[in-house]
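Please open the structure in your viewer and keep the selection tool at hand. The tour goes from one selection to the next and says what is found at each stop.

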Amino acid sequence: MSTPTENVRTLPGDLEFLTPHCPICGDYTDVYPDGLQCDRCGIAWDSDGTNPERLDPDAKQCSSLYRPTRRCANPEHVDVEYRCWQDAGHLGDDHHNPDLFYSWTTAEQVAPAGVER
Ligand SMILES: [Zn+2]
Ligand SMILES: [Zn+2]
């Protein structure tokens with residue numbers, strides 16, 4: 001049994017290394033044996049973060065469009081439009097574009113691409 005003079009101290013757990021953020025959705029990428037990957041966005045990189053490739057090269061792009069300033073009184077701002085960079089049919093209701101630091105939902109989108117609005 002230990003006494004206060006033995007200096008028995010509990011060690012913390014192992015360190016968790018953080019992976020780089022996905023440039024599309026902003027989430028941490030996942031580590032795979034041959035590199036890093038964002039399952040949500042369907043992109044894989046080499047272990048050094050280079051050479052991005054689509055997991056499904058034939059996937060169509062999500063059609064969700066977002067115009068955050070469409071009600072702005074300044075007519076120069078009304079045409080600012082973002083299209084989701086994820087694959088069509090991606091998981092979740094959040095759409096992502098790397099030029100926006102936040103996401104939008106299907107309820108907030110203006111229209112799918114190619115639809116008159
Ligand atoms: Zn992502
Ligand atoms: Zn989307």
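Colour the protein by pLDDT to begin with. This is a predicted model, and its mean pLDDT is 88, with 90% of the residues reaching 70 or more. Confidence is highest in strand 3, at 97, and lowest in strand 9 (residues 111-112), at a mean of 62. Now select residues 113-117, where the pLDDT is below 50. This stretch has five contacts in the model beyond near neighbours in sequence. Where pLDDT is low, the predicted coordinates should not be read in detail.

Next, switch to a cartoon view of the whole protein. How many helices and how many strands make up its secondary structure? There are zero helices and nine strands. Followed along the sequence, the pattern reads β-β-β-β-β-β-β-β-β. The protein has 117 residues, and buried residues make up 18% of them. Of the contacts between residues at least 6 apart in sequence, 36% join residues at least 24 apart.

**The four-stranded sheet**

Select strands 1 to 4. They form an open sheet with the order 1-2-3-4 and antiparallel pairing. Strand 1 (30-32) and strand 4 (53-54) are the edge strands, each pairing on one side only. Strands of a sheet pair through backbone hydrogen bonds, either parallel or antiparallel.

Start at the edge with strand 1. Strand 1 runs antiparallel to strand 2, and three bridges join the two. To see one bridge pair, select D30 together with Q37, its partner in strand 2. The connection from strand 1 to strand 2 is a hairpin through two residues.

Move on to strand 2 (residues 35-38) and strand 3 (residues 43-45), an antiparallel pair with three bridges. Here C38 stands opposite I43 in strand 3. The hairpin of strand 2 and strand 3 has four residues between the strands, and among them G42 takes a positive phi near 70 degrees.

**I43 and the core**

Keep I43 selected and show what surrounds it. Leaving aside neighbours within four places in sequence, I43 is in contact with C22, I24, C38, P52, R54 and L55. I43 also belongs to the largest nonpolar core. Which residues make up this core? Its eight residues are C22, C25, C38, C41, I43, C62, C84 and W85. Colour domain 1 (18-55) and domain 2 (59-117) separately to see that the core draws at least three residues from each of them.

**The loop between strand 3 and strand 4**

Go back to the sheet and select D48, which lies in the loop between strand 3 and strand 4. Is D48 buried or exposed? D48 is exposed, because just 8 other C-beta atoms lie within 10 Å, and a residue counts as exposed at 12 or fewer. For a distance, pick the C-alpha atoms of D48 and L36: they are 8.3 Å apart in space, and the two residues are twelve residues apart in sequence.

N51 is in the loop between strand 3 and strand 4 as well. Most residues other than glycine have a negative phi, and most peptide bonds are trans. The phi of N51 is positive, near 60 degrees, although N51 is a residue other than glycine. N51 counts as exposed because it has 10 C-beta neighbours inside 10 Å.

**N7, before the sheet**

Select N7, in the segment before strand 1. N7 is not a glycine, yet it has a positive phi of about 55 degrees. With 7 other C-beta atoms within 10 Å, N7 is exposed.

**W104 in strand 8**

The last stop is W104, in strand 8 (residues 104-105). W104 is buried, because 21 other C-beta atoms lie within 10 Å and 20 or more are needed for a residue to count as buried. What does W104 touch, not counting residues up to four places away in sequence? The residues are Y66, H95 and Q109. Finally, select P68 along with W104: they are 36 residues apart along the chain, and their C-alpha atoms are separated by 9.2 Å.

Note on methods
Residues numbered from 1 in each chain as written. Chains lettered and ligands numbered in written order. Predicted model: local features only at pLDDT ≥ 70, side-chain atom pairs only at ≥ 80, totals over all residues. Pairing = 2+ DSSP bridges. Contact = placed C-beta atoms within 7 Å. Core = buried A, V, L, I, M, F, W, Y, C linked by C-beta atoms within 7 Å. Domains from an automatic or database assignment. pLDDT = per-residue confidence, 0-100.
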